[in-house]
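Me: I should like a close look at one part of this model, with the surroundings brought in where they help. Please give the answer as one connected account.

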Amino acid sequence: MMESCAGEYAVAEYALVACHDCDLLFRKPRLRPGQKARCPRCGAVLFQRKRSGMDQSLALACTSLVLFILANAYPLLRMNIAGRVQEGSLLTGIEELYSQGYWEISVLVFVVTFLAPLAKMLCLFYVLLPLWLFGRRAPKAERVFRWMEQLSPWAMTEVFMLGILVAVVKLADLAALTPGIALYSFAGLMVTMAAGDAMLDDHEVWERLEAADG
Ligand SMILES: [Zn+2]
């Protein structure tokens, strides 16, 4: 573990980078968690190490995965319309959209609420777990990490949550609604995924990927 840290600094020390504001060249600095590096000429913030490390990112990813499983395994809402009870989950909702002929919308909902968040979590585990456990880089980890960064805008749990809330408000007069476990799990998932994005220090991950053995 110590060796990989030493390697990380050796790589970082020889890397020359340019200030994105004034193009001044300088050696990449070593930063401790919570520290910032500013350009000596124009004062722009060049690098920033977040206080959180990979432990927090992985803990949040594990929590997100559990909430994601709960959000898809249990019903979102139970509706009671004049004695007729109906339950719906995320996946049955997508199936329903498809069977009513809205296949484009069903594919979009499937991608942004199911496929993209799941793929993002799996990519994060694939890149971070070997680094965290053994200080090693998984095969093609750089490419997977780049995919993960490109996938981020497509994981829209918060937009889906907003859609559910609008539907709940509109249906409240027509039917007796009982929120299911999945609704609470989705709300939690929205928070843990946003916190995970905020805590993930991608500079740290790239530095560790560069320094780790494949
Ligand atoms: Zn500058």
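The request below concerns the metal site, and the reply goes on from there to the rest of the chain.

Me: Which residues coordinate the zinc ion, and at what distances? Please then describe the salt bridges and the spans listed as transmembrane region.

Reply: The model is a predicted one, and the account below should be read in that light.

The zinc ion is held by the SG atoms of Cys-19, Cys-22, Cys-39 and Cys-42, at 2.3 to 2.4 Å. The angles among these 4 donor atoms run from 106 to 117°, and the site is tetrahedral. For comparison, the ideal angle for four tetrahedral donors is 109.5 degrees. Along the chain the donors are spaced as C-x2-C-x16-C-x2-C. Distant parts of the chain are linked in this way: Cys-19 lies in the loop between strand E1 (16-18) and strand E2 (25-27), while Cys-42, 23 residues apart from it, lies in the loop between strand E3 (36-38) and strand E4 (45-48). The two cysteines also differ in their cover. Cys-19 counts as buried because its relative accessible area is 1%, under the 20% limit. Cys-42 has a relative accessibility of 38% and therefore counts as partly exposed.

Beyond the metal site, a search of the whole structure finds 5 salt bridges. Side chains of opposite charge can pair when their charged atoms come close. One of the salt bridges joins Lys-120 to Asp-197, with the closest N and O atoms 2.8 Å apart. This pair also links distant parts of the chain, as Lys-120 is in helix H4 and Asp-197 is in helix H7 (residues 181-199), 77 residues apart. Lys-120 is buried, at a relative accessible area of 6%, whereas Asp-197 is partly exposed at 41%.

Another salt bridge brings together the side chains of Arg-78 and Glu-87, at 3.1 Å from N to O. Arg-78 is partly exposed at 39% relative accessibility, and Glu-87 is partly exposed at 46%. Between Glu-142 and Arg-137 there is a salt bridge with a closest N to O distance of 3.7 Å. Here Glu-142 is partly exposed at 27%, and Arg-137 is partly exposed at 23%.

As for the spans in question, an unreviewed UniProt entry lists residues 58-77, 105-134, 155-175 and 181-200 under "transmembrane region". In the model, residues 105-134 are 100% helix and 0% strand, and the C-alpha atoms at the ends of the span are 42 Å apart. Residues 155-175 are 71% helix and 0% strand, with their end C-alpha atoms 30 Å apart.

Helix H4 (residues 103-134) also contains Leu-129. Together with Trp-132, Leu-133 and Phe-134, Leu-129 makes a nonpolar surface patch of about 420 Å². The relative accessibility of Leu-129 is 32%, so this residue counts as partly exposed.

A further residue to consider is Arg-84, which is placed in strand E6 (residues 84-88). Arg-84 counts as exposed because its relative accessibility is 58%, over the 50% limit. The C-alpha atoms of Arg-84 and Ala-175 are separated by 9.6 Å, although the two residues are 91 residues apart along the chain.

Definitions and conventions:
Residues are numbered from 1 along each chain as its sequence is written. This is a predicted model: local features need pLDDT of at least 70, side-chain atom pairs count only at pLDDT 80 or more; totals for chains, interfaces and linings use all residues. Side-chain values use heavy atoms; hydrogens and water are left out. Patches are made of residues with over 30% relative accessible area and no salt bridge: like charges are joined within 9 Å, nonpolar side chains (Val, Leu, Ile, Met, Phe, Trp, Tyr) within 5 Å. Accessible areas come from the Shrake-Rupley method with a 1.4 Å probe; for residues, only the protein chains shown count as cover. A salt bridge is a side-chain nitrogen of Lys or Arg within 4 Å of a carboxyl oxygen of Asp or Glu. Helices (H or I, at least four residues) and strands (E, at least two) are DSSP runs, numbered from the N terminus. Buried means under 20% relative accessible area, exposed over 50%, partly exposed in between (1.4 Å probe, protein chains only). Donors are N, O and S atoms within 2.8 Å of the metal (3.2 Å for Na, K and Ca); water is not among the atoms, so sites may look incomplete. Four donors count as tetrahedral if all angles lie between 85 and 135 degrees; four count as square planar and six as octahedral if opposite donors are over 155 degrees apart and all others between 65 and 115; anything else is irregular. UniProt positions are given in the numbering used here, feature names are shortened, and annotations may be inferred rather than shown by experiment.
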